[in-house]
Amino acid sequence: MLALVVAHLVVAALLPLVSRRSRRAAFGVAAVLPAATLVWGLANLPAVLGPGPAPSETHVWASALHLEFGFRLDALGVVMIVLVGGLGALILAYSAWYFGKDSRDAPRNSALLLAFAGAMLGLVLADDLLTLYLFWELTSIASFLLVGQGGLHRANRRAAVQALLVTVMGGLAMLLGIVIVGESAGTYRISEIVAAAQQGAGPAGGLAATGIVLILIGALTKSAQFPFHPWLPGAMAAPTPVSAYLHAASMVKAGVVLVGRLSPAFADRSYWWVPIAVLGLVTMLVGGWRALHETDLKRLLAFGTVSQLGFLMVLFGSGDRIGEIAALTMLLAHGLFKAPLFMVVGIVDKVTGTREVGALSGLGRRLPGLAAAATLAAASMAGIPFLLGFLGKEAAFEAFVHDGDWVLALGLLLGSIFTVAYSARFLWGAFATKAGVEATEPRPVVPGLSVPTWIAAFTGLVLGCVPPLTDALARNYAAAYPAEDAVAADYHLALWHGLSLPLLFSAVALIVGATLHLQRARVTGLHTALRHPLSAQRGYEVTVGGIERFAVWVTGRIQAGSLPVYLGVLLLTVLVLPGLALVFGGTLPATVPGYGSLMQLPLGLVIVACAAALTRVRRRFTAVLLVGAIGYAIGGLFVVDGGPDLALAQFLVETLTMVAFVFVLRRLPAHFDAGPRVGRGIQLRKAALATVAGVFVAVAAVVLSGARQEPPAVSGEFVARAPEAGADNVIAAILVDFRALDTVGEITVLLIAAAGTASLVLATRHDKKGKSGRVESGGGTPEHEEEIAG
Amino acid sequence: MTTINIGMAVVLAVLYSVGFYLLMQRSLMRILIGIVVLGHGANLLLQLAGGPPARAPVLGTAPPAEFADPLPQALALTAIVITFALTTYLLALGYRSWVLTGHDEVQDDLEDRRIALSERPDGAMEEDTEGADEDTEDPGSAAASNEPAEIATGGPDASSEVSR
Amino acid sequence: MTATPEQKIPFEQWDAPSGEWTLPGACPVRTNRTLLLEAATRFLFPVVLVFSVYLLIVGHYAPGGGFQGGLTAGLAFVLRYIAGGGSEGVEIGSRLRLRPPVLMGTGLLLAMITAFAPVLVGRPVLSSAKVSFLGVEVVSSLLLDVGVYLLIIGVVLDLLRSLGSGIERDAEAGQGERP
């Protein structure tokens, strides 16, 4: 399974090579892998539905960290593969004709769509929460790039950023939740967490609850649930195939799928099902209501998607045998009717140049084939018999009616009424002949666009007429949930359950929905009357704007632009945090010797005197000499302390440092710049802060050195093993053998620093010469090369 | 258990204080000298952390029990050489700054000052500074996002006024 | 160094030079060499170089090593540079020109080879072995020290090239003077 996912990504990376030759062929090549995925998924159907364990595979990534790629193919996975692979292949084929033969956007879109398909495949197969998270974010990034397109249009950029901010914010919350849940469950395996929870051994307690809710937030944002939904209609700025694939068929289902994966474990917990049920229902109603008033066909469908996602969320969160059967059926149905609807919009847009309801008229007569496909898909959405959508909706009503959840049942009924109404509105808007609108003259539709649309729409009809296919998958998935009674345990998807309440619900939905559409003028009036300033989109804008303002405010206060201030803040932080820890947590050693060796005292005195003078001198050269004196005195201290190696290096380095200083001082003014006079008070404050910090370091050194072990274990070992390294000098043994890696790293730093120094100084010269016209800066003339080479 | 003695602690305190003080000055050369002094202090601290004065850790010259701790010495040796490399690099930086600007003062960052003064976000989300932005994408979604577009374009104008 | 008694030097000016004894930033004469230093350098230069090699080799048994050896050799070149009056650059003799980047690269390469050579014989990176060479027991890690030695010399020579003659040439061209 990992191989399949990786193959997608690799081919996507190589796809630009194909699109250089032919852009259409690139889409064709891209479509092969999703199609192969579909075949692979269907070939595994017997194994999935069979009594044995579901096909799974594990690739250890970092075993010490328990990081691994875990994949598992179950019924939910197969349904998603039909959407990701099957619809993916269709949409990629459709894209070949949607993007023109020499569209500049085609190479990018073909590669990104395929990469997205790979990430999405990984997501639906993932059985490990961290694996799932990885692919989850990859799909968000792919969505960002696909919505943003070339970044040329403001609408694209804005929509892409909004989608990214919302979904990644949710993703981050989810990551936190995953870690909490994974740690409290002791495993990141979804199947193991579910199995443990069903035996009553799942993650429990307040912390686990927080983690679960955080995961839920991730799922809600990804699936555009209220109040996070506005990013989805915004994302319609993307090209239509992208909308059809990401924002109808697959990516937005990720949140729903995650809920579907975890519901067997958590569906009985109130903090899981209450938010899902409430937000899902609200989303379904808000989305449906908004869809009734959109004049742009694509945005109409987008709000329809929001509404349907809310519906799916409610079903997957129900934790009820029949409800889950309905959920899986609706999941499949939604992909199979929404993707062709989007493709229809793309074709309409392509052949007429508009997708405004008010500008289209008479298209149904001129494009009867397209209208038929759209009707088929819209009928499935509305829940008309003999289509897959009807099966799902029947089961959904049955689930809540059977349980007596009247609030949810009636809520879903209202949502379904909206669904019927906006389905009708879609067909009317796209194809009806409208009074007072000039008949639209479409260009001919190429088969490359209409055939994939037809295939997708027709599949919904086939599956709707032959319920057992879907029934097997749905029942297999729902078997993870307890059945309350015999009716639930024995529920099958069927076209005819007899005269029952769900059938009545379906009929009511159809009739009232149709009425609602016929009364659209009044509904629009009501919509205008209900207009209120609070909208989720506004909320998003206010939030983002507020964060920006806050960031500017904070930056303005903290980022004062003055180096001394920054350093002062750093020092203060050192004093406050470790300083307080030292005061309250440290214990001064009982006895602190006055001196270690008599020779330390005069040397120390020299250092103190020179250092004190250093703060007062105004002549650069004197300052350098004083620093040199301090360095030599410290070298002397090293001799006293028993570090001849150190002392030798210190003397040599100090000499070289002084030489380097003098080289530069030749060109600098003799005195330190007077500069803008700094107030005496500020200087005093600096001095006070520096003194306190210095004293802190010294006290910390004394306190910390009190923890020293005698004799030091590590060093003792170094001494004992020095002969093995062939060295009597233990320091040398450490430098070139025991800790030789340090030395290699160090000389690399030296080399880089020397190169930096040379380029800084010599670059100055090149600039000058370039001005005088002798050597072009970086011109590569022989003289220039000589400079570089020395 | 033996700690760093008082004499050396005083030396450390002075070295660090002077280093910090010089670091907070405005002249690059002073800052550089401050870094060198801090480096001296740090090297001394490393060596002192190895314990009280003892014999050089060379086998055959003294019994191992009398050795000074070799590990901090090796670390300090590395630190000394690195400090040297850093110093020369900073010297070159200071020199370059002097050549380019005629002084070696660290200036306040005017850009940061400007941020502190500005009241409104200058469109960090939307880089709308390019004036000829095509806004001809589909009318539906553009209409939905008209409002924030105005908010965002308000930013650069306001901020360019501040910078003037 | 002696101030005339009439001139009262204020406390702040205690470190002001009273004569032209500091470095020749504004030396009127083009050839700013001293014969004494030049003669001494001719004698000292090879001696210090030999001493630096001694420090390098003895490092395993007594204070010394690649760092100290390289720094000592570098100081020999610094001495030569100062005695030579600057611009002549860094040359060993008149024929052999040492190019600092090459020297540094060689040093690092040598260190890397020493680090990775053990891998070829299946030992961990940077492990060392004792090798008997002409009856003298040599540790392979000495090569690492030689790499360090060469690299440090290169760093010092590069310093002379950039901060030394580089700045000097800036000064000669009268550039870097601010308007």
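Helices here are DSSP runs of at least four residues, numbered from the N terminus. With that in hand, here are the close-ups of this predicted model.

**View 1. Residues 70-92 of chain B run as helix from end to end.** This stretch is 100% helix and 0% strand. Its end C-alpha atoms are 34 Å apart. An unreviewed UniProt entry annotates residues 70-92 of chain B as "transmembrane region".

**View 2. Residues 6-24 of chain B carry that annotation too.** Here the span is 95% helix, again with 0% strand, and the C-alpha atoms at its ends lie 27 Å apart. The UniProt record also gives the "transmembrane region" label to residues 31-50 of chain B.

**View 3. Chain B as a whole is built from helices, with 0 strands.** If you trace the sequence, you will meet the pattern α-α-α-α-α-α, for a count of 6 helices. Of the 164 residues in chain B, 52% count as buried. Take the contacts within chain B that have a separation of 6 or more: 61% of them join residues 24 or more positions apart.

**View 4. Chain B meets chain A through 101 of its residues.** On the other side, 116 residues of chain A take part in these contacts. Helices H1 (6-23), H2 (28-49), H3 (70-101), H4 (110-117), H5 (139-144) and H6 (146-163) of chain B each supply at least two residues to the side that touches chain A. H3(B) gives the most, with 24 residues. Sorted by type, the residues on this side of chain B are 64 nonpolar, 21 polar and 16 charged.

**View 5. Helices H6 and H7 of chain A pack against each other.** H6(A) covers residues 129-148 and H7(A) covers residues 154-185. Their axes are 8 Å apart, at an angle of about 175 degrees. Angles over 145 degrees count as roughly antiparallel, so H6(A) and H7(A) are roughly antiparallel to each other. The contact between H6(A) and H7(A) is made of 14 nonpolar, 7 polar and 2 charged residues.

**View 6. Residues 121-164 of chain B have pLDDT under 50 throughout.** For this stretch the model has 62 contacts beyond four places in sequence. Across chain B, the mean pLDDT is 74, and 70% of the residues reach 70 or more. Please keep these values in mind while looking at H5 (139-144) and H6 (146-163) of chain B, which were listed in View 4.

Conventions:
Residues are numbered from 1 along each chain as its sequence is written. Chains are lettered from A and ligands numbered from 1 in the order in which they are written. This is a predicted model: local features need pLDDT of at least 70, side-chain atom pairs count only at pLDDT 80 or more; totals for chains, interfaces and linings use all residues. Two residues are in contact if their C-beta atoms, placed from the backbone, lie within 7 Å. Ala, Val, Leu, Ile, Met, Phe, Trp, Tyr, Cys and Pro count as nonpolar, Asp, Glu, Lys and Arg as charged, and the others, Gly among them, as polar. A residue is buried if 20 or more other C-beta atoms lie within 10 Å of its own, exposed if 12 or fewer, and partly exposed in between; C-beta atoms are placed from the backbone. UniProt positions are given in the numbering used here, feature names are shortened, and annotations may be inferred rather than shown by experiment. Axes are lines fitted to C-alpha atoms, for helices over the stretch in contact, and angles run from 0 to 180 degrees between N-to-C directions. Angles under 35 degrees count as roughly parallel, over 145 as roughly antiparallel, 65 to 115 as roughly perpendicular and the rest as oblique. pLDDT is the predictor's confidence in each residue, from 0 to 100.
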